[in-house]
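Student: Could you take me through one part of this protein slowly? I'd like to see what surrounds it, and then how it compares with a few other spots.

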Amino acid sequence: MSRRLLEKQAFESLEVTSVAPGASSHRAKPTAESQSSQSFAFGGRTIGFWSGVMLLINNLAGPTISLMPPLAQEAGWLSMVLVMLTVGVLSMACGMMLVCAMERMPPHSDSTKRIEFTDIIRFYVPGPWDSFLLIIYHSYLILTLMSYIIQSAQILDSVAMDIFGCTTGVSLGKGLLIQVRTVCGSTNGDSVSPFGEMSVLPLSMILGAIVYIPFAAMNLDDNVTLQWIAIAGLTVLAALWIQFLVEQPDFPQPLPLVTTSQQGLIATVLFKFAFMSAIPSWVNEKKTEIGVKESFATALGYVIVVYTAIGVVGGMAFQPFFTTDQNLFSKLNSSGLWTPRATVAVYPVLQNFTSIPVLSILIRYNLQSSGWSSCSANFLAFAFPWVLSIPYYSGQGFDRVATIGGLATSSVINFAVPAMVYIRSSVSC
């Protein structure tokens, strides 16, 4: 089969797509009305260089930062440095491959057309593998979104404990039994949740959902200002954390160079260097003159430096605690000092608060690009991940979500798919 015929058939697959129930089975021809609807559903080409870098950094710098100190203790400081650098370089190469493959698609030459991640998969990947990868892609986004939701709720509950001495939730009982009764969390020194291992729907999760809805309803380019605030705040917080860590009485604790326990580190870093899902949407809405390679290098360099510093210095600040479910934030909260505890309260506002809407937007963009109705796309992009996060709120649920996301979905979407579609595109950029 010739390359020209392959492209023709693949392009036709973008026009007629199998979609979920309730979604349109054919892409409408561009009319004045449909173009107006599309401009409402998606953003325009208004994102500049530094705004794009902030967006990419915030997409990379997720809640796994709290896991870096115990991972440094478990895997070794040299392992952390090498894994961060290796995965960072690999991530940049995969990002460039994804953009190159995207530029080979026929609609890319038309500035009025958008190409989302799901479009790239359907164009280059033959069935039935395209359906499999589409499920993996959306599962990855939902797992990432869940990790933000879970950590935000846990931190806000810890803040409520500090202020009111109690945080409220609804007990869900065991198994399928739901006990609709209000419970009050208490201080649990060995747990990241005030409710310990109890299955509960915290009030913080409900209030968070209400706050995030208006921002998730915006487009990607509408969230640029929030990204600037998030990264400026993260830089200040990182400096305050390092100052606190080096002032600990046990600092510097010796860290192993390399150990045999590398799975947690590799899975978490793979989960963290996870910005492929945002690249097509960013390319669609960045100014045409903005360089892709320069944007990637700046964003990845910042994240590698900050995360490695927090991991190594944080690991040296405390006696080994990687066998518990404690993390950096639980350590800061248990310090008894106002400033460290305040930074934990500010972090979800600066980081998670600005990332959760973006992830919901990415899910919505890709579903609508695939022909889903606005109602169905919004449900799967927002309500579904929120409900799914409830069972994983207590105990080590956040750690399990991060590990599952890193091993099962992130490695496929952020590394395997870019290489696959680049090879299928049969060109070099």
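Tutor: Let's start with the whole chain, zoom in on one helix, and then visit some other places.

Keep in mind that this is a predicted model. The protein has 429 residues, and 55% of them count as buried. Its secondary structure comes to 16 helices and three strands. If you take the contacts with a separation of 6 or more, 83% of them are between residues 24 or more positions apart. On the outside, the protein exposes about 18100 Å², with carbon and sulfur atoms supplying 66% of that.

Now for the close look: helix H4, residues 68-75. How many of the eight residues of this helix are buried? Seven, so the helix is largely enclosed by the rest of the structure. The buried ones in H4 are Met68, Pro69, Pro70, Leu71, Ala72, Gln73 and Ala75. Just past the end of H4 comes Gly76, which takes a positive phi of about 105 degrees.

Pick out Pro69, which sits in H4. Its relative accessible area is 0%, which is why it counts as buried; the cut-off for that label is under 20%. What does Pro69 touch, once its neighbours within four places in sequence are left aside? The list is Ile310, Gly311, Gly314, Gly315, Phe321 and Leu328. You can also follow Pro69 to Tyr307: they are 238 residues apart along the chain, yet their C-alpha atoms are separated by 9.4 Å.

Next, step back along the chain to Ile65. Leaving aside its neighbours within four places in sequence, Ile65 is in contact with Leu234, Trp241, Val306, Tyr307, Ile310, Leu328, Phe329 and Tyr347. Ile310 and Leu328 should ring a bell, since they are in contact with Pro69 too. Ile65 also has a place in a bigger picture: the largest nonpolar core has 113 residues, and Ile65, Trp241 and Phe329 touch the most other members. Helix H7 (residues 129-164) gives the most to this core, with 14 residues. As a background idea, nonpolar side chains tend to be buried together in soluble globular proteins.

What about charged side chains? The structure holds three salt bridges. In one of them Glu116 pairs with Arg114, with the closest N and O atoms 2.7 Å apart. Glu116 counts as buried because its relative accessible area is 0%, and Arg114 is buried as well, at 14%. Arg114 also meets Glu285 in a salt bridge, at 3.1 Å from N to O. Arg114 is in the loop between helix H5 (77-103) and helix H6 (117-124), while Glu285 is in helix H11 (residues 279-285), so this pair ties together parts that are 171 residues apart in sequence. The remaining bridge joins the side chains of Asp119 and Arg122, at 2.6 Å from N to O. Those two both lie in helix H6, three residues apart, or about one turn of the helix. Both of them are buried. Going back to the shared partners, salt bridges join Arg114, Glu116 and Glu285 into one network.

Two more buried spots are worth a visit. Ser389 is in helix H15 (residues 374-389), and it counts as buried because its relative accessibility is 0%. A polar atom of the Ser389 side chain lies 2.7 Å from the backbone oxygen of Pro385. Beyond four places in sequence, Ser389 is in contact with Met146, Ile149, Ile150 and Met205. Then there is Leu367 in helix H14 (residues 338-369), buried with a relative accessible area of 2%. Its contacts beyond four places in sequence are His138, Trp372, Ala377 and Leu380. Leu367 and Thr118 are 249 residues apart in sequence, but 8.1 Å apart in space, C-alpha to C-alpha.

Finish at the surface, for contrast. Is Ile206 of helix H8 (residues 203-216) buried or partly exposed? At 38% relative accessibility it counts as partly exposed. Together with Leu203, Leu207 and Ile210, Ile206 forms a nonpolar surface patch with about 360 Å² of accessible area. Set that beside Pro69, which is buried at 0%.

Technical notes:
Residues numbered from 1 in each chain as written. Predicted model: local features only at pLDDT ≥ 70, side-chain atom pairs only at ≥ 80, totals over all residues. Heavy atoms only, no water. Patch = residues over 30% accessible without salt bridge, like charges linked within 9 Å, V, L, I, M, F, W, Y side chains within 5 Å. Areas by Shrake-Rupley, 256 points an atom, 1.4 Å probe, with all protein chains shown as cover. Salt bridge = Lys/Arg side-chain N within 4 Å of Asp/Glu carboxyl O. Buried < 20%, exposed > 50% of the residue type's maximum accessible area, 1.4 Å probe, protein only. Core = buried A, V, L, I, M, F, W, Y, C linked by side-chain atoms within 4.5 Å. Helix = DSSP H or I, 4+ residues; strand = E, 2+ residues; numbered from the N terminus. Contact = heavy atoms within 4.5 Å. Polar contact = N/O pair within 3.5 Å; in protein donor to acceptor, adjacent residues only side chain to side chain.
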